[in-house]
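Reader: I am new to this structure and would like to learn how to read it feature by feature. Could you take me through it slowly?

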Amino acid sequence: MRVENLNAWYDRSHVLQGLSLEVNKSEIVTLMGRNRAGKTTTLRSLMDFLSKRQGKADSDGTSFLDLPAHERFHLELAYVTEDRRIVPRLTVKENLELGG
Ligand SMILES: Nc1ncnc2c1ncn2[C@@H]1O[C@H](COP(=O)(O)OP(=O)(O)O)[C@@H](O)[C@H]1O
Ligand SMILES: [Mg+2]
């Protein structure tokens, strides 16, 4: 996956400013940063949870920023949401297994 010059906003707040990153096959890439640095916003904007964003992102050459979620699935892109009570009846183990 390659992300180039990603910008994202919450209303007028310009939260991501020109973020680029690359994840190659078999790599595990971790985003690290203090609270409110923009880790969650990075994932949310790649997965189409933010309405206002700009930039380029592709998976194996297929541009995906404008694709609907079910088409991203076929590019093996998935996102497990965070926060409390996302799926309230699941156990902690089951929540973690969602990642698979
Ligand atoms: N729903 C939201 N509305 C407005 N601002 C937000 C919202 N979510 C996050 N932010 C702001 O965006 C910035 C990045 O937050 P976030 O991506 O949650 O950081 P992290 O995941 O690294 O802790 C912070 O300044 C935060 O206050
Ligand atoms: Mg976060």
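Author: What follows goes from the overall plan to the sheet, then to one helix, one residue and the ligand. Please keep in mind that this is a predicted model.

Reader: Which helices and strands should I look for, and in what pattern do they follow one another along the sequence?

Author: The protein has three helices and four strands, and read from the start of the sequence they follow the pattern β-β-α-β-β-α-α. The C-alpha trace spans about 40 × 30 × 25 Å along its principal axes, and of the 100 residues in the protein, 9% are buried. Among the contacts between residues at least 6 apart in sequence, 42% join residues that are at least 24 apart.

Reader: In what order do the strands lie in the sheet?

Author: The order in a sheet need not be read from the sequence, and here the four strands form an open sheet in the order β2-β1-β3-β4, with antiparallel pairing. The edge strands are β2 and β4, each of which pairs on one side only. Strand β1, residues 2–10, is joined to β2 by seven bridges in the antiparallel sense, and one pair to find is Val-3 with its bridge partner Leu-21 in β2. At the other edge, two bridges join β3, residues 52–59, to β4, where Ser-63 is the bridge partner of Asp-58.

Reader: How many residues lie between β1 and β2, and what is found in the turn?

Author: These two strands form a hairpin with two residues between them, and Asp-11 in the turn has a positive phi of about 50 degrees. A positive phi is also found at Asp-48, which follows α1 and has a value near 75 degrees.

Reader: Which residues of α1 are buried, and why are they on the same side of the helix?

Author: The general idea is that an α-helix has 3.6 residues a turn, so residues three or four places apart point the same way. In α1 the buried residues are Thr-41, Thr-42, Ser-45 and Leu-46. They cover an arc of only 130 degrees around the axis, and therefore lie on the same side of α1. Their cover includes β1, β2 and β3, and α1 lies across these three strands, running at about 75 degrees to β2.

Reader: Is β2 largely buried or largely in the open?

Author: Burial is judged by counting neighbours, and a residue is called buried if 20 or more other C-beta atoms lie within 10 Å of its own. Of the ten residues of β2, one is buried, so the strand lies largely in the open. Leu-16, which is found in β2, counts as partly exposed because it has 19 C-beta neighbours inside 10 Å. Leaving aside residues up to four places away in sequence, Leu-16 touches Leu-6, Asn-7, Ala-8, Gly-38, Thr-41, Thr-42 and Ser-45. By contrast, the C-alpha atoms of Leu-16 and Asp-60 are separated by 23 Å, and these residues are 44 apart along the chain.

Reader: Which residues surround ligand 1, and which elements give two or more of them?

Author: A ligand can be read through the shell of residues around it, which here includes Tyr-10, Ser-13, Val-15, Asn-35, Arg-36, Lys-39, Thr-40 and Thr-41. The elements that give two or more residues to this shell are β2 and α1, and α1 provides the largest share, with three residues. The shell divides into three nonpolar, six polar and two charged residues.

Key
Residues numbered from 1 in each chain as written. Chains lettered and ligands numbered in written order. Predicted model: local features only at pLDDT ≥ 70, side-chain atom pairs only at ≥ 80, totals over all residues. Near = placed C-beta within 6 Å. Nonpolar A, V, L, I, M, F, W, Y, C, P; charged D, E, K, R; others polar. Buried ≥ 20, exposed ≤ 12 C-beta atoms within 10 Å, placed from the backbone. Pairing = 2+ DSSP bridges. Contact = placed C-beta atoms within 7 Å. Axes fitted to C-alpha atoms, helices over the stretch in contact; angles between N-to-C directions. Arc of directions from axis to C-beta.
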